[in-house]
Amino acid sequence: MPIFYSAIYRFEEEHPKLVGHYPSGERQLEEICQNHVQYLDSSDRRKIIKDEQYDYCIIVYQKVVYICVIDKEFPKHPSIDFLKAVRDECCRSEFKLNISATLRKESNYFNNLKNSKIYSTKKKAEKTLQEVNNTIGMVLTQGEDIEVLEDRTSLLVENTITFRKRSKKLKNQSKLKIALIIASIIFIILFALTMAGVACFIVFCVLPTFGQKCFSSSDNNNNNNNNDNNNK
């Protein structure tokens with residue numbers, strides 16, 4: 001039995017007073033617990049005291065001391081969970097319950113390690129390990145040995161790397177093509193604007209000036225002809 005003795009004390013006028021314990025008749029353990037408790041104050045805390053034979057787990061909560069005596073080989077987490085369970089039941093009922101019966105019920109529950117979280121976690125880990133071993137056995141049975149799996153994994157990694165390189169290359173090529181198309185469009189637009197500017201210059205600047213020169217030359221010829229006729 002990992003939990004040998006448990007008790008509850010309430011501080012009254014700064015002195016702890018026993019309000020319930022289990023099992024009764026453990027006079028030596030009762031005196032040892034009383035000796036440990038009398039050096040505590042009423043502030044909330046958790047504490048573990050060790051001696052040559054036992055460990056003593058203590059929780060102080062709202063001026064109430066919960067203490068249990070456990071085997072030195074007994075895990076500390078289940079004993080703390082035991083004290084928490086007793087504390088919660090007492091708080092819910094505002095201590096209107098049979099404290100000795102509550103201590104007996106909870107100690108019987110937590111003395112069974114199958115009910116502890118550590119035991120359940122260990123069982124889950126063992127079950128998971130067994131499932132992994134079964135899976136490995138099935139793989140080996142089907143001829144998928146470790147070397148083949150490693151080769152396939154390496155090949156898969158190489159294919160993935162090659163795919164990424166090709167994707168990156170195609171992406172860069174696509175970017176280059178888009179850049180060339182944009183540059184071509186810009187060049188065509190600039191060329192068109194340049195040709196339009198040249199055409200406008202010819203139409204609005206060169207041709208009118210050339211026309212004026214032509215008309216001026218024609219008028220001069222006519223005047224010269226008229227002068228020659230008059231002279232004759």
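# Exercises on helix packing and aromatic pairs

The crossing of helices α2 and α3 is right-handed. The model used in these exercises is predicted.

## Exercise 1: the α2 and α3 contact

Classify the relative direction of α2 and α3, and give the make-up of the contact by residue class.

Solution.

1. Helix α2 spans residues 76–92 and helix α3 spans residues 99–111. Their axes lie 10 Å apart, at an angle of about 150°.
2. Angles over 145 degrees count as roughly antiparallel. The two helices, α2 and α3, are therefore roughly antiparallel to each other.
3. On the α2 side, the contact is made by Pro78, Asp81, Phe82, Ala85, Val86 and Glu89. On the α3 side, the partners are Thr102, Leu103, Lys105, Glu106, Ser107 and Phe110.
4. By class, the residues of this contact comprise six nonpolar, two polar and four charged.

## Exercise 2: aromatic pairs

State how many aromatic pairs the whole structure holds. Then classify the pair Tyr54 and Tyr56 and the pair Tyr109 and Phe110.

Solution.

1. Searching the whole structure gives five aromatic pairs.
2. Two quantities describe a pair of aromatic rings: the distance of the centres and the angle of the planes.
3. For Tyr54 and Tyr56, the ring centres are 6.5 Å apart and the planes stand at 75°, so this pair is edge-to-face. The cut-off for that class is over 60 degrees.
4. For Tyr109 and Phe110, the centres are 5.1 Å apart and the planes stand at 80°, so this pair is edge-to-face.
5. Beyond pairs, Tyr54 and Tyr56 form one aromatic cluster with Phe4.

## Exercise 3: accessibility of the ring residues

Assign Tyr54, Tyr56, Tyr109 and Phe110 to an accessibility class.

Solution.

1. Under 20% relative accessible area, a residue counts as buried; exposed means over 50%, and partly exposed lies in between.
2. Tyr54 has a relative accessible area of 16%, so Tyr54 is buried.
3. Tyr56 has a relative accessibility of 0% and therefore counts as buried.
4. Tyr109, at 42% relative accessibility, counts as partly exposed.
5. Phe110, at 10% relative accessibility, counts as buried. Phe110 is also one of the α3 residues that meet α2.

## Exercise 4: the surroundings of Glu30

Locate Glu30 in the secondary structure, decide whether Glu30 is buried or exposed, and list its contacts outside the local sequence.

Solution.

1. Glu30 belongs to helix α1, residues 27–37.
2. With a relative accessibility of 16%, Glu30 counts as buried.
3. Once neighbours within four places in sequence are set aside, Glu30 is in contact with Tyr5, Tyr9, Leu18 and His21.

How values were computed:
Residues numbered from 1 in each chain as written. Predicted model: local features only at pLDDT ≥ 70, side-chain atom pairs only at ≥ 80, totals over all residues. Heavy atoms only, no water. Axes fitted to C-alpha atoms, helices over the stretch in contact; angles between N-to-C directions. Helix = DSSP H or I, 4+ residues; strand = E, 2+ residues; numbered from the N terminus. Parallel < 35°, antiparallel > 145°, perpendicular 65-115°, else oblique. Left-handed = near helix turned anticlockwise from the far one by under 90°. Contact = heavy atoms within 4.5 Å. Nonpolar A, V, L, I, M, F, W, Y, C, P; charged D, E, K, R; others polar. Phe/Tyr/Trp six-rings, centres within 6.5 Å; stacked < 30°, edge-to-face > 60°. Buried < 20%, exposed > 50% of the residue type's maximum accessible area, 1.4 Å probe, protein only.
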